[in-house]
Amino acid sequence: MSKAIGVDLGGSHAMATIVDESGAITARHEQDIIDHSPNAVFATLETVIAAALTEVKDKTVSGIGIGSPGNIDPKSGTIRWSPNFNWQNVPLGDAMRAKFNLPVFIANDARCATLGEYVFGAGRGTKNFALLTLGTGIGGGIVGEGELLLGNQMGAGEFGHHTIRPETGFICGCGRVGCFEAQCSGTGLIRHAIAVAPSFPRSTLLDVPKEKLGSKAIRKAAQAGDGHALAAWKNWIDDRALGLTNVMSFVNPEVIAMGGGVSSAGDFMLDPVRTLVDARTTTVPRGTTKLIRAVLGNDAGAVGAATMAMRGGLVATLAA
């Protein structure tokens, strides 16, 4: 059975897995990332990939796939720009090829996650599919008629940076105002809680330093009926539904799957979002796009990266 190394490279950790052609992970190795300098990250990747390779008993691996944040040259694997690491033109692909005598493929982490979910997860059986990865930021990917859409410069699927609140929104990390990511990421939920705080002078929700306030705590407080958290949650859900309605208009998928840490809210998030999206849908028949949770969880990026390595690139469908 064919297998590959699938690597999920994040801002705080790197995970290398062994993935077989059925999408199953048979081993994984992780290491935290503290130093974001290129050489330090290269060293961490080398460590986790080497550890994974030692567990391949028959020593047959088709290649190494790495999902990384940022915009990436698909041929060289150079990271053109990555805000997570503050990198520009970093030759990640060349560095890994010099270390390992295997084909190395590198692509955006959200596009790798989309490939993983499409082939082995929430997108199976569809031709038109979109994945949104929801965490500190918002990433994503698009499959149209069975093809993973990459765009002119590998930038297709950056749902987080379409504007939904240009006049009244929060300032996004990209510098614009009211991006979907600024409003609806985990960070966006925290911003909503801070924004409505003056209306809840007796609330204890913010009785922690702002840098320690997490979206999970706000969500749990909302589920417990806290008025302050519910007000923030309501505004966040409204913005989420607005952005998803736009995605439906742009892409018209059969399924929009939501992954990442924020999606752990499950039906507490999905039920009100579905109601609002349905009410706002005008360009296609209502109810024809399913809004669901992604299936592969935090493994989607690694599974997709390994699939990329096995298929020789970000290929959603194989030639007949």
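**Figure 1. Second largest pocket of the predicted model.** This pocket has a volume of about 250 Å³. Its lining counts 14 residues. Nearest the centre lie Gly 186, Ser 215, Lys 216, Gly 261 and Val 262. Three elements give two or more residues each to the lining: helix 5, helix 6 (215-223) and helix 7. Helix 5 supplies the largest share, four residues. By class, the lining of the second largest pocket holds five nonpolar, seven polar and two charged residues.

**Figure 2. Largest pocket, centre and lining.** About 1500 Å³ of space lies in this pocket. The lining of the largest pocket is made by 50 residues. Closest to the centre are Asn 84, Asp 109, Thr 133, Gly 137 and Ile 138. Both strands and helices give two or more residues to the lining. The strands are strand 1 (3-9), strand 2 (13-20), strand 9 (129-134) and strand 10 (138-144). The helices are helix 3 (109-120), helix 4 (180-184), helix 5 (186-196) and helix 9 (300-311). Helix 3 gives the largest share, five residues. Polar residues number 24 in the lining of the largest pocket, with 16 nonpolar and 10 charged.

**Figure 3. Largest cavity and the residues around it.** The model has one cavity of 30 Å³ or more. The volume of the largest cavity is about 50 Å³. Gly 70, Asn 71 and Ile 72 are part of its lining. So are Ala 107, Asn 108 and Arg 111. Leu 150, Met 154 and Leu 314 complete the lining of the largest cavity. Strand 5 and strand 8 (104-108) are the elements that give two or more residues to this lining. By class, five lining residues of the largest cavity are nonpolar, three are polar and one is charged.

**Figure 4. Open sheet of three strands, order 5-6-7.** Pairing in this sheet is antiparallel. The edges are strand 5 (71-72) and strand 7 (87-90). Each edge strand pairs on one side only. Strand 6 (residues 79-82) is joined to strand 7 by three bridges. These two strands run antiparallel. One bridge pair is Ser 82 with Trp 87, the latter in strand 7. In general, strands of a sheet pair through backbone hydrogen bonds.

**Figure 5. Asn 89, a positive phi in a strand.** Asn 89 belongs to strand 7. Its phi is positive, about 55°, although Asn 89 is not a glycine. Relative accessibility of Asn 89 is 58%. Exposed means over 50%, so Asn 89 counts as exposed. Strand 7, which holds Asn 89, is one of the edge strands of the sheet in Figure 4.

**Figure 6. Asn 252, a positive phi in a loop.** Asn 252 lies between helix 7 (227-251) and strand 12 (255-259). Phi of Asn 252 is near 50°, a positive value in a residue other than glycine. Relative accessibility of Asn 252 is 41%. Partly exposed covers the range between under 20% and over 50%, so Asn 252 counts as partly exposed. Helix 7, on one side of this loop, also gives two or more residues to the lining of the second largest pocket in Figure 1.

Key
Residues numbered from 1 in each chain as written. Predicted model: local features only at pLDDT ≥ 70, side-chain atom pairs only at ≥ 80, totals over all residues. Heavy atoms only, no water. Pairing = 2+ DSSP bridges. Buried < 20%, exposed > 50% of the residue type's maximum accessible area, 1.4 Å probe, protein only. 1 Å grid on protein atoms, 1.4 Å probe; cavity = no way out; pocket = protein on both sides within 12 Å on 5 of 7 lines; lining within 4 Å. Points joined across faces, edges and corners; volume = space filled by probe spheres on them. Nonpolar A, V, L, I, M, F, W, Y, C, P; charged D, E, K, R; others polar.
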